[in-house]
Amino acid sequence: MRVVLAEDSVLLREGLTWVLGSAGMEVVAAVGDAEELLRAVGEHLPDLVITDVRMPPSHKDEGLRAALVLRRQRPGLPIVVLSQYVEERYASQLLSTETTGVGYLLKDRVADVTEFVEALRRVAAGGTALDPEVVAQLLLRGRSDPLDQLTRREHEVLALIAEGRSNGAIAEALVVSEGAVGKHINNIFAKLGLSGADDKDHRRVLAVLRFLKV
């Protein structure tokens, strides 16, 4: 897997490069600002982009805005935002531009390197990886009426889906059977008005987007 990494902290950039290399990924470019990120992606055509949010020159939201540009230029390009902050406005735009290959993880909450690498691979394969804190902060923007119809357990299941977990992982987290998880998911689809004409994976993504109100 070929990766372009954008991180303005030299020590963290070098550390991430080492971690990714140890996991068998090739960091084809490791850059320190958003302009370099855009150039590096155009030059190397990576399989995955990892970017911070706040980078030079203003250290506000350059990295996340660059991610939005890249998604417009290269629809489907897998991108993982790795930051200390949840930038709600642009995070919502990023999560709504495409329904596959996107992640938003918080640096301070990455506690296990193996899980981190697995999340990167999941996004590169077209999946999602969202930190629960990111989900929670976006939810503060308000929920729509259909979501209010979900039971507490259905909210828990949908939150775990938003983290990118499989039915088996959800069942393990909630200490229930996979069959029970499947029933909850079908109830969620029905209450959110997601048609059975769509494939199940697509409906999972649509349910997450409605959960995040993006």
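The secondary structure of the protein, taken from a predicted model, consists of 11 helices and 6 strands. The C-alpha atoms occupy a box of roughly 45 × 30 × 30 Å along the principal axes. The radius of gyration is 17 Å, which agrees with the value near 17 Å that a compact globule of 214 residues would have. Of the 214 residues, 45% are buried. Where contacts join residues at least 6 apart in sequence, 65% of them link residues at least 24 apart.

The accessible surface amounts to about 10100 Å², and carbon and sulfur atoms account for 48% of this area. The protein carries 26 positive and 31 negative charges, and the mean positions of the two sets lie 5 Å apart.

Two of the helices were examined individually. Helix α11 covers residues 200-212. At 1.5 Å a residue, its 13 residues should span 18 Å, and the distance of 19 Å between its end C-alpha atoms agrees with this expectation. The buried residues of α11 include the arginines Arg-203 and Arg-204. The others in the buried set of this helix are Val-205, Ala-207, Val-208, Leu-209, Phe-211 and Leu-212.

Helix α10 comprises residues 178-191 and contains Glu-178. When neighbours within four places in sequence are left aside, Glu-178 is in contact with Asn-167, Gly-168 and Ala-171. Glu-178 is separated from Asp-8 by 170 residues in sequence, and the C-alpha atoms of this pair are 43 Å apart in space.

Backbone geometry was then considered. Most residues other than glycine have a negative phi, and most peptide bonds are trans. The peptide bond from Pro-56 to Pro-57 is cis, with omega near 10°. Pro-57 lies in the loop between β3 (48-51) and α3 (62-73). His-59 is also found in the loop between β3 and α3. Although not a glycine, His-59 has a positive phi of about 55°. The relative accessible area of His-59 is 40%, so this residue is classed as partly exposed, a class that runs between the 20% limit for buried and the 50% limit for exposed residues.

A positive phi, near 50°, is also present at Leu-45, likewise a residue other than glycine. Leu-45 is located in the loop between α2 (34-44) and β3. With a relative accessible area of 48%, Leu-45 is therefore partly exposed.

Note on methods. Residues numbered from 1 in each chain as written. Predicted model: local features only at pLDDT ≥ 70, side-chain atom pairs only at ≥ 80, totals over all residues. Heavy atoms only, no water. Helix = DSSP H or I, 4+ residues; strand = E, 2+ residues; numbered from the N terminus. Rg over C-alpha atoms; globule rule 2.2 N^0.38 Å. Buried < 20%, exposed > 50% of the residue type's maximum accessible area, 1.4 Å probe, protein only. Contact = heavy atoms within 4.5 Å. Areas by Shrake-Rupley, 256 points an atom, 1.4 Å probe, with all protein chains shown as cover. Lys, Arg positive; Asp, Glu negative; His and termini not counted. Charge placed at Lys NZ, Arg CZ, Asp CG, Glu CD. Expected span 1.5 Å × (residues − 1).
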